[in-house]
Amino acid sequence: MKIAVLTGASSGLGQEFFKNLETLEDIDQIWIIARRADKLEQMARDAKIQTRAIPLDLSQKNCLDRFSDILEQEKPDIRILINNAGFGKLGYIYDMDYSEQAEMIAVNNTALTVLCVICLKYMHEKSFIINVASIAAFVPNPRMSVYCSTKAYVLSFTKCIRQELKPRKINAFAVCPGPMATEFLDVAGISGGKSKTFERLPYCNASKVAKKSLEYARKGRAVYTPKLFYKFYRVLCRILPHGFVMKFSKT
Ligand SMILES: NC(=O)c1ccc[n+]([C@@H]2O[C@H](COP(=O)([O-])OP(=O)(O)OC[C@H]3O[C@@H](n4cnc5c(N)ncnc54)[C@H](OP(=O)(O)O)[C@@H]3O)[C@@H](O)[C@H]2O)c1
């Protein structure tokens, strides 16, 4: 059984990835993961191809263990793994609840890493991994310190495993979108004019980001930064001192 595993499927970019996965001919089943079971089950009922809802809280070790047990029992052929689940919180590090900061690291980094490790046992030649990073990976953004650091990890980790996986002919790919109009903004506490930077920046279209990411990851590309504006930003972040860029990148 050839499957695609998608985390963070219940909203935003995850739902856009799901719509694209439904159209693929080399996939028999999609396994979708998030906390909101009702949303996942509704998606599974309405899906164009067989879809399995697996409600899990990825910040919890017991949920990661449960997913590992499911894989061990069913030994699927994982063709695509999309680590999309993630969230950020806006605020100064000293004002924020430490449990939220720890949860961000658990979902954005620990779960993403564990899923790569456990899924790779069931991945073969020509399969691929998409890890969702962000433009926040290029240079840190004050007032989103932990979030940016988690996304820098995602980008770095993905580039690294890409090299390790080359002999196995498995591609690891990172996508680095700018802002997208999803629930992310409400969860982060950005909506309602709380961040001038987010109000000024151009927005990426989540549907295009998902489509292009799948296309490029399959072709073997390493990193995709949607929009010319953010491609240019990525180059600037390589050239300019980060201390200087951070004066303008504060969220
Ligand atoms: N929107 C942006 O501006 C933006 C920009 C750059 C990068 N990104 C990245 O894009 C990815 C998708 O975000 P989005 O914009 O689509 O936001 P979103 O609509 O809030 O989606 C986030 C997804 O992650 C899932 N999730 C969050 N915590 C989870 C947990 N503990 N366990 C399992 N699933 C969890 C959510 O599902 P449940 O709530 O049902 O668990 C939801 O499906 C994230 O990695 C985000 O960092 C977003």
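**Helix packing, sheet and ligand shell in a predicted model**

Modeller: In this predicted model, helix 1 lies across strand 1 (2-7), strand 2, strand 4 (77-83) and strand 5 (128-132), and runs at about 165° to strand 1.

Biologist: What makes helix 1 oblique to helix 8?

Modeller: Helix 1 (residues 12-21) and helix 8 (residues 206-219) pack at an angle of about 50°, their axes being 8 Å apart. Roughly parallel requires an angle under 35 degrees, and roughly perpendicular begins at 65. The angle of about 50° meets neither condition, and helix 1 is therefore oblique to helix 8. As to handedness, helix 1 passes helix 8 in a right-handed crossing.

Biologist: Which residues of helix 1 and helix 8 meet, and how do they divide by class?

Modeller: From helix 1, G12, L13, E16, F17 and N20 meet A206, S207, V209, A210, K211 and L214 of helix 8. The residues of this contact divide into six nonpolar, three polar and two charged.

Biologist: Why is helix 4 called roughly parallel to helix 5?

Modeller: Helix 4 (residues 98-120) packs against helix 5 (residues 145-165) at an angle of about 10°, with the axes 9 Å apart. Angles under 35 degrees count as roughly parallel, so helix 4 is roughly parallel to helix 5. In helix 4, Q101, M104, I105, N108, N109, L112, T113 and C116 take part; they meet V146, Y147, T150, Y153, V154, F157 and I161 in helix 5. By class, this contact has ten nonpolar, five polar and no charged residues.

Biologist: How do you know that strand 2 and strand 3 pair?

Modeller: Pairing requires at least two bridges between two strands. Six bridges join strand 2 (residues 29-34) to strand 3, so the requirement is met. The two strands run parallel, and A34 has P55 in strand 3 as its bridge partner.

Biologist: What makes strand 3 and strand 7 edge strands?

Modeller: Seven strands form an open sheet with parallel pairing, in the order 3-2-1-4-5-6-7. Strand 3 (50-55) and strand 7 (223-224) are its edge strands, each pairing on one side only.

Biologist: Which residues come nearest to the ligand, and how many residues are around it?

Modeller: There are 28 residues around the ligand, of which G8, G12, R35, G86 and F184 come nearest. Helix 1 and helix 6 (184-188) are the elements that give two or more residues to this shell. The largest share, three residues, comes from helix 1. By class, the shell has 13 nonpolar, eleven polar and four charged residues.

How values were computed
Residues are numbered from 1 along each chain as its sequence is written. This is a predicted model: local features need pLDDT of at least 70, side-chain atom pairs count only at pLDDT 80 or more; totals for chains, interfaces and linings use all residues. Axes are lines fitted to C-alpha atoms, for helices over the stretch in contact, and angles run from 0 to 180 degrees between N-to-C directions. Helices (H or I, at least four residues) and strands (E, at least two) are DSSP runs, numbered from the N terminus. Angles under 35 degrees count as roughly parallel, over 145 as roughly antiparallel, 65 to 115 as roughly perpendicular and the rest as oblique. A crossing is left-handed if the near helix is turned anticlockwise from the far one by less than a right angle, and right-handed if clockwise. Two residues are in contact if their C-beta atoms, placed from the backbone, lie within 7 Å. Ala, Val, Leu, Ile, Met, Phe, Trp, Tyr, Cys and Pro count as nonpolar, Asp, Glu, Lys and Arg as charged, and the others, Gly among them, as polar. A residue is near a molecule or strand if its C-beta atom, placed from the backbone, lies within 6 Å of it.
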